[in-house]
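Visitor: Before we discuss this chain, I would like each label to be justified by a value and a cut-off. Could you take me through the reasoning in that way?

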Amino acid sequence: MADTAGHKNRGELRIHESLDELATDLADYIAELSEMSVKERGFFAVALSGGSLISLIRKLCEAPYNRTVDWAKWHIFWADERVVAKNHEDSNYKLAKDGILSKVPVVPSHVYSINDSLSAEEAASEYEFILRQLVKTRTVSVSETSDCPKFDLILLGMGPDGHVASLFPHHSALDEKDSWVTFITDSPKPPPERITFTLPVINSASNVAVVTTGASKADALHLAIDDMAGAIPVPARMVHPTNGKLVWFLDKSAASKLDGSQPDE
Ligand code: 6PG
């Protein structure tokens, strides 16, 4: 693994030789943060995304993690969710449930899926309401600098267009400053209706990991990480935890267009 701390102030880069190596490092990282948060706060508040991320964190269901992680202390959220029924193939909840959550002893009432009987707008505002209750009880911590929730960890993927969560390039959702959770009905990546954490929430987290693999992400990753004076930033470039730590979990193909990357680096 090439481990470049503080690459151009865009966080820590962990570039892996293989997806298996990446998955092991990612599982170690999540298990370590879970242990630290449970020790410090008694809870681990983690937000998931959809896409390839879920298969890359599947090692958490295997030894040693399935036994060593304190699953009962996990509170699980979604950084973004597609507004479809929970048993629909497009549901991020279903993806995570089938892939991971059904295989480890998480507490069902600590899994905060969206209300799938509501419109996107209603689902976003209800999700924010639930989050506000959990911040009041400090199940989810609170930012020192804003009233935003401070997740112990937010796990994001990145699309080939540089989107993270359901924050797409040039979309007005990127400018949302007041809401914690917003909605869109015109996602360029299907399905069109989604809810998503806003940038202030993502950037208030203690830890944010962006997990990105494959050559189709190389251009967007270059735009997200390297110096791009004057260019309109891709959404992934706007991920910048104010008082937290940002780590990029990459494979060599995704990292192949970063400044200074060598073919056999
Ligand atoms: C979604 C995801 C989305 C995803 C990226 C990357 O619901 O669509 O949350 O933000 O993380 O599109 O997906 P891949 O890793 O599958 O390319």
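Guide: We start with a definition: a residue is called buried when its relative accessible area is under 20%, exposed when that area is over 50%, and partly exposed in between. The model is a predicted one.

Visitor: What makes strand 4 largely enclosed by the rest of the structure?

Guide: Strand 4 covers residues 74-78, and 5 of its 5 residues fall under the 20% limit for buried, so the strand is largely enclosed by the rest of the structure. Looking at its two faces separately, W74, I76 and W78 are buried on one side, while H75 and F77 are buried on the other, which leaves both faces covered.

Visitor: How do you know that strand 3 and strand 4 are paired?

Guide: Pairing requires at least two bridges between the strands, and strand 3 (residues 44-48) is joined to strand 4 by 5 bridges, so the two count as a pair. The two strands run parallel, and F44 has W74 as its bridge partner in strand 4.

Visitor: Why is the number of disulfides given as 0?

Guide: A disulfide is a covalent bond between the sulfur atoms of two cysteines. The criterion applied here is a pair of cysteine sulfur atoms within 2.5 Å, and by this rule the count comes to 0. As for the surroundings of two cysteines, C61 has a relative accessible area of 16% and C148 has one of 5%, so both are under 20% and count as buried.

Visitor: Which residues come nearest to the ligand, and what makes a contact with it polar?

Guide: There are 15 residues around the ligand, and S52, D80, R82, H163 and A165 come nearest. A polar contact is a pair of N or O atoms within 3.5 Å. A polar side-chain atom of S52 is 2.4 Å from an oxygen atom of the ligand, an N or O atom in the side chain of R82 is 2.7 Å from a ligand oxygen, and a backbone N or O atom of G50 is 2.9 Å from one; each of these distances is within the 3.5 Å limit, so each pair qualifies as a polar contact. The ligand taken alone exposes 420 Å², of which the protein buries 91%.

Visitor: What is notable in the backbone of A165, and is that residue buried or exposed?

Guide: A165 has a positive phi of about 45° although it is not a glycine, and it is found in the loop between strand 8 (153-157) and strand 9. Its relative accessible area is 6%, under the 20% limit, so A165 is buried. R138 also has a positive phi, near 65°, in a residue other than glycine, and its place is in the loop between helix 5 (120-136) and strand 6 (141-142). The relative accessibility of R138 is 43%, which lies between 20% and 50%, so R138 is called partly exposed.

Visitor: Which peptide bonds can you name as cis, and what are their omega values?

Guide: A cis peptide bond joins A63 and P64, with omega about 0°, and P64 sits in the loop between helix 2 (53-56) and helix 3 (65-68). The bond from P190 to P191 is also cis, with omega near -5°, and P191 lies in the loop between strand 9 (181-184) and strand 10 (194-197).

Visitor: Why is E12 called buried, and what does its side chain contact?

Guide: E12, in strand 2 (residues 12-16), has a relative accessibility of 13%, which is under 20%, so E12 counts as buried. The side chain of E12 makes polar contacts with the side chain of R14 at 2.9 Å and with that of K245 at 3.1 Å.

Visitor: Why is the chain described as being as compact as a globular protein of its length?

Guide: The chain contains 7 helices and 12 strands. Its radius of gyration is 17 Å, close to the 18 Å given by the globule rule for 265 residues, so the chain is as compact as a globular protein of that length. Buried residues make up 54% of the 265 residues.

Key: Residues are numbered from 1 along each chain as its sequence is written. This is a predicted model: local features need pLDDT of at least 70, side-chain atom pairs count only at pLDDT 80 or more; totals for chains, interfaces and linings use all residues. Side-chain values use heavy atoms; hydrogens and water are left out. Buried means under 20% relative accessible area, exposed over 50%, partly exposed in between (1.4 Å probe, protein chains only). Helices (H or I, at least four residues) and strands (E, at least two) are DSSP runs, numbered from the N terminus. A residue is near a molecule or strand if one of its heavy atoms lies within 4 Å of it. A polar contact is a pair of N or O atoms within 3.5 Å; within protein, one must be able to donate a hydrogen and the other to accept it, and residues adjacent in sequence count only if both atoms are side-chain atoms. Accessible areas come from the Shrake-Rupley method with a 1.4 Å probe; for residues, only the protein chains shown count as cover. The radius of gyration is taken over C-alpha atoms; the globule rule is 2.2 Å times the number of residues to the power 0.38.
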